[in-house]
Amino acid sequence: MRTDERIAVAMAELLRRQGYAATGIKQVVEASGAPIGSLYHHFPRGKRAVAEAALRQSGAAYGELVASLLAPYDDIAAGIEAAFTAAADDIEQTGWVNMCPVGTVAGEVVDVEPELGAVAAEVFEGWIEGGTALFRERGLTDDDARALITAVISALEGAFVLSRTLRSRDPLIAAGRGIAAYARELVADPVVRSG
């Protein structure tokens, strides 16, 4: 792994665990194993630039992860429930560590760090576009595919917060069931849905 990638990965992990404000450059240097001079060589604008790269890099990885969890299922609803169950397993096994650095940072800094907020919005929009394409390939209309992936992301991010706070997998399981029910409605006969 290149030095800049190692630095971004270390920052993403720190953002996921403790957020932007609590993450210092010295922690990133220690976690990445890169000299501080290398950090500033690759990211001359410092902490914010590293965080931007970390959000983009981890955002791309998380987008691929969600797609890979949903892709094996012909039944959209079953894939959604499986993805939420996998998320519940992961958050429980990590000791309720926050799962998504993008959601963590977006909620924390969108109003005080507009550049990072813009990067988080860019990542979320990429997830929405990718998910829309996936669900469109499964037969949903553009509008329904976009609505469903937006609901999936919204429910997942919100359920992460509740699961972590309550130290319970129940919010993720409940959110998965609810979004799966919505998915079943969308794939049902459109006449029934609109009537």
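**Exercise 1. Locate Arg 167 and Trp 96 among the helices of this predicted model, and describe the backbone of each.**

Solution. Step 1: Arg 167 sits in the loop between H8 and H9. Helix H8 covers residues 142-166, and helix H9 covers residues 170-187.

Step 2: Although Arg 167 is not a glycine, its phi is positive, at about 55°.

Step 3: Trp 96 belongs to the loop between H5 and helix H6 (101-109). Its phi is near 70°, a positive value in a residue other than glycine.

Step 4: Is Trp 96 buried or exposed? The cut-off for a buried residue is under 20% relative accessible area. Trp 96 has 14% relative accessibility and therefore counts as buried.

**Exercise 2. Determine what lines the largest pocket.**

Solution. Step 1: The volume of the largest pocket is about 420 Å³.

Step 2: Its lining consists of 26 residues. Tyr 62, Leu 65, Val 66, Leu 69 and Leu 156 are those that lie nearest the centre of the pocket.

Step 3: Which helices each supply at least two lining residues? They are H4 (47-70), H5 (76-93), H7 (114-137) and H8 (142-166). The largest share, seven residues, comes from H4.

Step 4: Sorted by class, the lining has 20 nonpolar residues, four polar residues and two charged residues.

**Exercise 3. Examine the salt bridges, and compare the accessibility of the partners Glu 52 and Arg 45.**

Solution. Step 1: Side chains of opposite charge can pair when their charged atoms come close. The structure holds 14 salt bridges.

Step 2: One of these joins the side chains of Glu 52 and Arg 45, with an N to O distance of 2.6 Å. Glu 52 has a relative accessible area of 9% and is therefore buried, whereas Arg 45 counts as exposed because its relative accessibility is 53%.

Step 3: Another salt bridge is formed by Glu 81 and Arg 184, whose closest N and O atoms are 2.9 Å apart. This pair links distant parts of the chain, with Glu 81 in helix H5 and Arg 184 in helix H9, 103 residues apart. Glu 81 counts as partly exposed at 26% relative accessibility, and Arg 184 is partly exposed with a relative accessible area of 41%.

Step 4: Asp 4 and Arg 2 also meet through their side chains in a salt bridge, at 2.9 Å from N to O. Arg 2 and Asp 4 are linked with Glu 5 in a network of salt bridges.

**Exercise 4. Describe the span 1-61 and the surroundings of Ser 32.**

Solution. Step 1: An unreviewed UniProt entry places the feature "domain: HTH tetR-type" at residues 1-61.

Step 2: This span is 75% helix and 0% strand, and its end C-alpha atoms lie 15 Å apart.

Step 3: Ser 32 is found in helix H2, which comprises residues 25-32. Ser 32 is buried, with a relative accessible area of 7%.

Step 4: A polar atom of the Ser 32 side chain lies 3.1 Å from the backbone nitrogen of Ala 34.

**Exercise 5. Place Arg 164 in the fold and relate it to Ala 88.**

Solution. Step 1: Arg 164 is in helix H8. With a relative accessible area of 29%, Arg 164 is partly exposed.

Step 2: Along the chain, Arg 164 and Ala 88 are 76 residues apart. In space, their C-alpha atoms are separated by 9.9 Å.

Methods:
Residues are numbered from 1 along each chain as its sequence is written. This is a predicted model: local features need pLDDT of at least 70, side-chain atom pairs count only at pLDDT 80 or more; totals for chains, interfaces and linings use all residues. Side-chain values use heavy atoms; hydrogens and water are left out. On a 1 Å grid over the protein atoms alone, a cavity is a set of points where a 1.4 Å probe fits but cannot get out, and a pocket is an open set with protein on both sides within 12 Å along at least five of seven lines; lining residues have an atom within 4 Å of a point. Grid points are joined across faces, edges and corners, and a volume is the space filled by probe spheres set on the points. Helices (H or I, at least four residues) and strands (E, at least two) are DSSP runs, numbered from the N terminus. Ala, Val, Leu, Ile, Met, Phe, Trp, Tyr, Cys and Pro count as nonpolar, Asp, Glu, Lys and Arg as charged, and the others, Gly among them, as polar. A salt bridge is a side-chain nitrogen of Lys or Arg within 4 Å of a carboxyl oxygen of Asp or Glu. Buried means under 20% relative accessible area, exposed over 50%, partly exposed in between (1.4 Å probe, protein chains only). UniProt positions are given in the numbering used here, feature names are shortened, and annotations may be inferred rather than shown by experiment. A polar contact is a pair of N or O atoms within 3.5 Å; within protein, one must be able to donate a hydrogen and the other to accept it, and residues adjacent in sequence count only if both atoms are side-chain atoms.
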